[in-house]
Amino acid sequence: MSLGFIMLVHTALDRAAQVARHWATRDCPIVIHVDQRVSRRDNRKFAESLADLDNIVFCRRRRCEWGTWSLVGATQDAAEMLLENFPEVRHIYNASGSCLPLRPVEDLKDYLQQRPRTDFIESVTTEEVPWTVGGLDSERFSLRFPFSWKRHRFLFDRYVEIQRRLKVKRKMPENAVPHLGSQWWCLTRQTLSAILEDPKRKQHDRFFKRVWIPDEAYFQTLARLYSTDVESRSLTLSKFDFQGKPHIFYDDHLQLLHRSDCFVARKIWPNANRLYDTFLSGDRTSMASAEPSPEKIDRVFTQAIERRTRGRTGLTMQSRFPRDGWENGKTGSPYSVFEGFNCLFTDFEPWLARRTGARVHGNLYDPRRAMFAGGEKNYYGSLSGNAMLRDYDPKAFLTNFLWSTRGERQCFQFGPNDKQAITWFVATDNNAQVNVISGAWALTLFHSNKNFSTIRKEAARLQKIEMKHLDILRSPYTKARVRIWTLADFLEDPMHHFQVILDEIGPRSNRRLTEVPTMVDLKGFGRFLQNLKNQGMKPVLMGDFPVTPNSDIQKPDPQKPYLVR
Amino acid sequence: MSIRTSYKLRLMRKRWRIRAFRKRRELKQIVNNTAKIKPDDILVFSTLRNERRRLPFFLKYYRDLGVKHFIIVDNNSNDGSAEYLMEQPDVSLWWSKASYKRARFGVDWLNWLQMRHGHNHWTLTVDVDEFFVYPFCDTRPLNALTDWLDASSIRSFSAMLLDMYPKGSIDDAVYHEGQNPIEVAPWFDSANYSFKKNKEIGNLWIQGGPRARMFFADKPERAPALNKIPLVKWNRNYVYASSTHMLLPRGLNQVYDEWGGEKASGCLLHAKFLDTFTEKSHEELARKQHYANSHEYKAYYTTLKEKPDIWCKWSEKYINWRQLEILGLMSKGNWA
């Protein structure tokens, strides 16, 4: 007999009794503290259910409240009783009623036997603790906390504020350095009795009575004064979420708990029948001297916290609706917007799809309907291509679209003929790659069979829209990677510009570009622009085109669309 | 929130409470088993009309989740629904022949019954064609969730309405009594939803899905709301302000995170589109007892005449809650 337990109990008494019985019948004495808030009737029933075991004793009941001294007081009482009543106990394990042993007690005993002078108590200095709640770490020790955080939050906060303003700083007891850690420790008789029998205990207690959450500080700080060998970790597997409350284990954690090789886990849901049945059954096999390895469980809970605090990038849903700027990325994955390319090249979309392996759509914001790749009516996620539905919430259309196609690069066309409401969203999205050949829309007009006066009006309208669009893309708020060429600039060296764009899109294009899409006929375009000017409209977005037909603009030979460099 | 709006909302809440109190007279108690309700029991509240065929599975589904008692208002059914419910030991039944519409689509009745019987209980307010799915629902009973919510000081839990539909014509999706309707209509839209925030009451307004796609493409702003907050730790001062879409006091509508994180949430699988639907929309249109002049049912009726197929090749087939989680329709939040 070398191991004894302290058990603090306040709910789910039947489960606590089950666990206590498990330990007691395996020759581990237990001192149980039952919270004063448990009704007298329940307490009596609880005590009676364990009355047949003479190595279980109950200590004086106190009213315990989270974050207050009462918990330490209860632990002290129980520890004193344990040390006095069971002199053969060498290690004292502090547990709660919702703890569950995962490995046979013999394993734990052997483990401790091999480390007879080691104190297992998580104990870290306040500077190194990232997990404190409420922004209080070193102030836990330097301020006073007479008000309950749970019941009198207002007074609690005000009193902290006042003390901060008055620069209150309490003096630590002699030699003590503030340490924090889990209250589920396992200490040796030597260390624990040194703490409890210290002649200065009165001073220590007085100091810690006004510390905040002393159950995470009292033994952790004082153990450092007396222990010869502190192993700063808890033998109890206990995970805390981002609000500082413990994660709960359920039946479906069985395998994880099995594989963790930890000795004790907390906190178990009282109705997790399968866990209790499995781990309390007598026929648990020993795992020899395996070291506890809670990493797998850690990962599950770290992911949970990550999901709660950061969420999934690009997702808007019923329980994730970030304010502007808090999205952690507005959309789910990188995408490219091409403006003017399908006016300049006749087979741009299939060419781009071939070159990049990306999914290339037409004009998603076409006023008639969203032009999905392959002429689909709907798309991934059953997203409707209907213009009315799309324009009802153009942002949601794009975020939905990118969310459900994540994993595959999406490209789509855009132009001044499209619905413009999405511009700001795309411009401020750092997933967007926007490539613009400004003024290329004029080519479509140039090739159209319309009256010149209609063309002129149309050109003026489109130019106005595109200028506004470009202003947004050039604004200081823009986060997208934007490239803007005038039509004339682009034509100077199309191969080079394509290479830059494709390099950025993906690995498929790391070979040198050998093939460009077919360009529309540009003969007479300079003249066309001059005609627009003559009619009183000033085309500015296309760049400078000479009027003469024999210009020096290179146009690929229509018979040979393949260029080899 | 200014004192003014705060006071305005308070008045609004009081108004709905008084209204619920007045509407109590329209309810006639048929069976009262509420004495059997124990302090920690989870309760289901529901209003229905002519749902006899769906009832056996509905009750079984929620009993299996761990619901201990059903409080149901029967709005003058004539297909034996009431008779069936009267035989159930865990159902308390009220009956009303008054106008569903004037009881604000049953909300007033349920508000009253919740005030009386729901206080300090976790209450789940669902229709007979709505099936609550939450994270880990295949391995953890409902009280695991409510215990966790209690421990996390969360009072209300969101579950978006997810419209389920069959492949092929609705009329061919024949539903038999006792069957799981999700087997008949297992398809849904996975990412076709829009979200807006109601500034005054703070709830999200979700629209979209197959109903918007099929029936409201030309007037999307009128597409029905899909946001729901069905699971609430009830207090007698709470009221549902409009169906289960929003609650007062408005803090209960804060079921979403605004700083980039995800709160835990579930889904209500909505098995509306079965063979019963055409008949029902016919009847409902004649009764004129639905929201906003039954414009919703008018839209259904006109489209349904053409025997449409809601299914498209991008529809997802329902497997389990994990699938919904991965698709981003619901979230585990920090429940692990």
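**Reading burial, helix packing and an interface**

Biologist: Let's start with one side chain: is B:Leu304 buried or exposed?

Modeller: B:Leu304 counts as buried, because its relative accessibility is 9% and the cut-off for buried is under 20%. Keep in mind that this is a predicted model.

Biologist: Where does B:Leu304 lie, and which residues is it in contact with, leaving aside neighbours within four places in sequence?

Modeller: B:Leu304 lies in helix α9 of chain B, residues 291-304. With those neighbours set aside, B:Leu304 is in contact with B:Ile170, B:Phe215, B:Phe277, B:Thr278 and B:Ser281. Its C-alpha atom is also 9.7 Å from that of B:Met214, 90 residues apart along the chain.

Biologist: Over to chain A. At what angle do the axes of helices α7 and α9 cross?

Modeller: In chain A, the axes of α7 (residues 189-196) and α9 (residues 218-226) cross at roughly 105° and come within 9 Å. That makes α7(A) roughly perpendicular to α9(A). By class, their contact has eight nonpolar residues, one polar and no charged ones. Among the residues that meet there are A:Leu192 and A:Ile195 from α7(A), and A:Phe219 and A:Leu222 from α9(A).

Biologist: And how do I read the size of an interface?

Modeller: People often give it as the accessible area lost when the parts come together. Here chain B and chain A bury about 4600 Å² between them, with 52% of it on carbon and sulfur atoms. B:Glu262, B:Trp314 and B:Asn334 supply 18% of the area chain B buries against chain A, more than any other three residues.

Biologist: How many salt bridges are there between chain B and chain A?

Modeller: Eight. One pairs A:Arg312 with B:Glu325, where the closest N and O atoms are 3.8 Å apart.

Notes:
Residues are numbered from 1 along each chain as its sequence is written. Chains are lettered from A and ligands numbered from 1 in the order in which they are written. This is a predicted model: local features need pLDDT of at least 70, side-chain atom pairs count only at pLDDT 80 or more; totals for chains, interfaces and linings use all residues. Side-chain values use heavy atoms; hydrogens and water are left out. Helices (H or I, at least four residues) and strands (E, at least two) are DSSP runs, numbered from the N terminus. Buried means under 20% relative accessible area, exposed over 50%, partly exposed in between (1.4 Å probe, protein chains only). Contact means heavy atoms within 4.5 Å. Axes are lines fitted to C-alpha atoms, for helices over the stretch in contact, and angles run from 0 to 180 degrees between N-to-C directions. Angles under 35 degrees count as roughly parallel, over 145 as roughly antiparallel, 65 to 115 as roughly perpendicular and the rest as oblique. Ala, Val, Leu, Ile, Met, Phe, Trp, Tyr, Cys and Pro count as nonpolar, Asp, Glu, Lys and Arg as charged, and the others, Gly among them, as polar. Buried area is the accessible area (1.4 Å probe) that two parts lose on being put together, summed over both. A salt bridge is a side-chain nitrogen of Lys or Arg within 4 Å of a carboxyl oxygen of Asp or Glu.
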